[in-house]
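Glad you could join us for a short session of questions and answers. Have a look at the structure first, and then we will talk through its strands and helices.

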Amino acid sequence: MADQHRSELLMLRVHFTPDDVARVRVAAGPDPLWEIVNSFQGLFQGGDAGSFGLWRQLVRPCLGGPGDRLLAGLLPGRGYFPDFLTPAPSGGRELAAGLDTVLGTSTAVLRRDLTLLAASPHRRRPLPDRARSLADGESEALRQLGSALHGYHGRAIAPFWPQICAQVDADRAARARAVLAGGADGLLASFAPVLRWRWPVLEADYPVDREVRLHGRGVVLQPSFFCTRTPITLAFPAADWTPVLVYPVEHTPHWVSSGSRQGTELGALLGGTRAAILEDVVTGRTTGELAARFGISGAAASQHTAVLRRAGLLLSVRRSRYVLHTITQVGIALLEARPGPSV
């Protein structure tokens, strides 16, 4: 994995053919393994304090066991990390399926990736004691790796999974609107300024100069909550897999605490307009669209969405000249549990 943390960024260029444009897709949701890797690499960084400062404060005291030390040796804060830790997305949000793929990695790939890690100039920690056993594909070493990944996920990712999914779902809603408005061209253009689309090349700032030619395979655009600043792609993607380009999603302030505050303002939700707005944002709506659909002013629509947002029921993300509102899993659960229409 190329280093996404250097200050002197060069360029990643992804070359498309017409067939590739037709085969572009956005992944169905956050991928647990990418979130593990990206979050672990950023856990001890000082940047993005507004987005991740509180999360780091909560997670760091929970770490320090043998499994975490194993991951620290495999996942340096900058530079290359082994491709086999982030295999092709399964199209779902299940950790177990991803771990099965990791633990089934061939010995040839294990040796290749760990050899590259050992040679990385940015590696500051020694390789873990189990590196040789991992490279040889020994079952006990792989079991320990699976346990380490699962344990870290349980402490650092799982408690925040609803908020992570809500942020990624909001991003996907924005991408869906871009497709409806401009097709695949509009989708690829919607990633600016992180990704810059100029047919036939999608380019981005990157730690190294890298050319990726899709050759008709298409590309999976994988949103990642813990990816920051620049996109990421595998150093050695498997020839029989569709290439994956991981990109950062936007973060709303106070995302860590939004899930725990969901019940504090539910009393303010009485009234038909807010209930109707909550139902309407299931597919994503802008403030202007909500105002037009319900015959209210833009200021009133903003006030209603602010109450819903503070209650943890919807998420608001700014996209260029508009703010897009989407429902959260908490909001969906509330609608499904409601015995009848609000009055």
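The turns below deal with a predicted model.

Student: Which strand does β1 join in the antiparallel sense, and which residue of that strand stands opposite L10?
Tutor: Happy to help! Strand β1 covers residues 10–15, and six bridges join it to the antiparallel strand β4, residues 201–206. Within β4, the residue opposite L10 is Y206.

Student: In which sense do β1 and β5 pair, and what is the bridge partner of L12 in β5?
Tutor: β1 and β5 (residues 210–213) share four bridges, and their pairing is parallel. The partner that L12 finds in β5 is R210.

Student: How are α2 and α5 oriented to each other, and why?
Tutor: The axes of α2 (residues 32–42) and α5 (residues 95–103) come within 8 Å, crossing at roughly 75°. Angles of 65 to 115 degrees count as roughly perpendicular, so α2 and α5 are roughly perpendicular to each other.

Student: What kinds of residues make up the contact of α2 with α5?
Tutor: α2 brings P32, L33 and I36, while α5 brings L95, G98, L99 and V102. Gly counts as polar. The division is six nonpolar, one polar and no charged.

Student: What is the strand order of the open sheet with β9, and which helix lies across β10 and β11?
Tutor: Three strands form this antiparallel open sheet, in the order β9-β11-β10. Its edge strands are β9 (285–286) and β10 (314–319). Six bridges link β10 to β11 (residues 322–327), with S316 opposite H325. Running at about 120° to β10, the helix across β10 and β11 is α13 (residues 298–310).

Definitions and conventions
Residues are numbered from 1 along each chain as its sequence is written. This is a predicted model: local features need pLDDT of at least 70, side-chain atom pairs count only at pLDDT 80 or more; totals for chains, interfaces and linings use all residues. Side-chain values use heavy atoms; hydrogens and water are left out. Two strands pair if DSSP finds at least two bridges between them. Helices (H or I, at least four residues) and strands (E, at least two) are DSSP runs, numbered from the N terminus. Axes are lines fitted to C-alpha atoms, for helices over the stretch in contact, and angles run from 0 to 180 degrees between N-to-C directions. Angles under 35 degrees count as roughly parallel, over 145 as roughly antiparallel, 65 to 115 as roughly perpendicular and the rest as oblique. Contact means heavy atoms within 4.5 Å.
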